[in-house]
Amino acid sequence: MHLAYPAVLAVLLFCTGLYGVLARRNAILVLMSVELMLNAVNLNLVAFDVWLRDTLRAGQALTLFTIAIAAAEIGIGLAIVLLVYRNRGSSDIDRLRDLAEQPAGTDAADGTPQPDTKAEATA
């Protein structure tokens with residue numbers, strides 16, 4: 001088996017995932033792009049394991065660990081994205097610069113303090 005074919009495919013997959021991470025604004029598409037990049041790494045691990053004829057199959061074992069970590073990452077990532085969407089109404093990454101809640105007396109848009117309307121009404 002030639003090593004060039006899976007290596008070129010892995011490079012194409014990784015570049016596609018990298019483009020998706022850098023260009024996309026939707027958090028779910030960014031998570032899918034990260035998974036694509038991890039799959040490119042897994043393809044390289046298995047291809048080099050077969051090419052080197054490793055008797056311990058270390059590349060394939062490492063691929064199983066990578067798949068398990070990717071499954072945990074996507075589970076936690078989707079839970080966070082769903083909570084953000086439920087609270088903010090959007091999963092747009094540009095609108096999620098700061099995830100901290102705004103204090104009660106500040107404007108949600110720019111964080112500037114707002115005058116206390118209750119104190120002004122009683123005065």
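These legends go with a handful of close-up views of a predicted model.

**View A. A nonpolar patch on the surface, built mostly around helix 1.**
Here we're looking at Phe14, Leu18, Leu22 and Val41, which together form a nonpolar patch on the surface. Added up, their accessible area comes to about 340 Å². Helix 1, running over residues 4–23, supplies the largest share of this patch, with three residues. One residue to pick out is phenylalanine 14, which sits in helix 1. Phenylalanine 14 has a relative accessible area of 33%, so it counts as partly exposed.

**View B. The salt bridge between arginine 25 and aspartate 94.**
Search the whole structure and you get one salt bridge. It is made by the side chains of arginine 25 and aspartate 94, with an N to O distance of 3.0 Å. The pair ties together distant parts of the chain, 69 residues apart. Arginine 25 belongs to the loop between helix 1 and helix 2, while aspartate 94 belongs to the loop between helix 3 and helix 4. Side chains of opposite charge can pair when their charged atoms come close. Neither partner is tucked away: arginine 25 is partly exposed at 43% relative accessible area, and aspartate 94 is partly exposed at 41%.

**View C. Helix 2, its buried residues and what comes just after.**
Helix 2 covers residues 27–52. With 26 residues at 1.5 Å a residue, helix 2 should span 38 Å, and its end C-alpha atoms are indeed 38 Å apart, so the two values agree. Plenty of side chains to look for here: the buried residues of helix 2 include Ala27, Val30, Leu31, Met37 and Ala40. Some with polar or charged side chains are on the buried list too, among them Ser33, Glu35, Asn42 and Asp49. What do the buried residues of helix 2 pack against? They pack against helix 1 and helix 3. Just after helix 2, have a look at the backbone of arginine 53, which takes a positive phi of about 55 degrees.

**View D. Serine 90 in the loop between helix 3 and helix 4.**
Serine 90 has its place in the loop that runs between helix 3 and helix 4. Is serine 90 buried or exposed? At 14% relative accessibility it falls under the 20% cut-off, so serine 90 counts as buried. A polar atom of the serine 90 side chain lies 3.1 Å from the backbone nitrogen of aspartate 92. Setting aside neighbours within four places in sequence, serine 90 is in contact with Val84, Tyr85, Arg95 and Leu96.

Methods:
Residues are numbered from 1 along each chain as its sequence is written. This is a predicted model: local features need pLDDT of at least 70, side-chain atom pairs count only at pLDDT 80 or more; totals for chains, interfaces and linings use all residues. Side-chain values use heavy atoms; hydrogens and water are left out. Patches are made of residues with over 30% relative accessible area and no salt bridge: like charges are joined within 9 Å, nonpolar side chains (Val, Leu, Ile, Met, Phe, Trp, Tyr) within 5 Å. Accessible areas come from the Shrake-Rupley method with a 1.4 Å probe; for residues, only the protein chains shown count as cover. A salt bridge is a side-chain nitrogen of Lys or Arg within 4 Å of a carboxyl oxygen of Asp or Glu. Helices (H or I, at least four residues) and strands (E, at least two) are DSSP runs, numbered from the N terminus. Buried means under 20% relative accessible area, exposed over 50%, partly exposed in between (1.4 Å probe, protein chains only). The expected span of a helix is 1.5 Å times one less than its number of residues. Contact means heavy atoms within 4.5 Å. A polar contact is a pair of N or O atoms within 3.5 Å; within protein, one must be able to donate a hydrogen and the other to accept it, and residues adjacent in sequence count only if both atoms are side-chain atoms.
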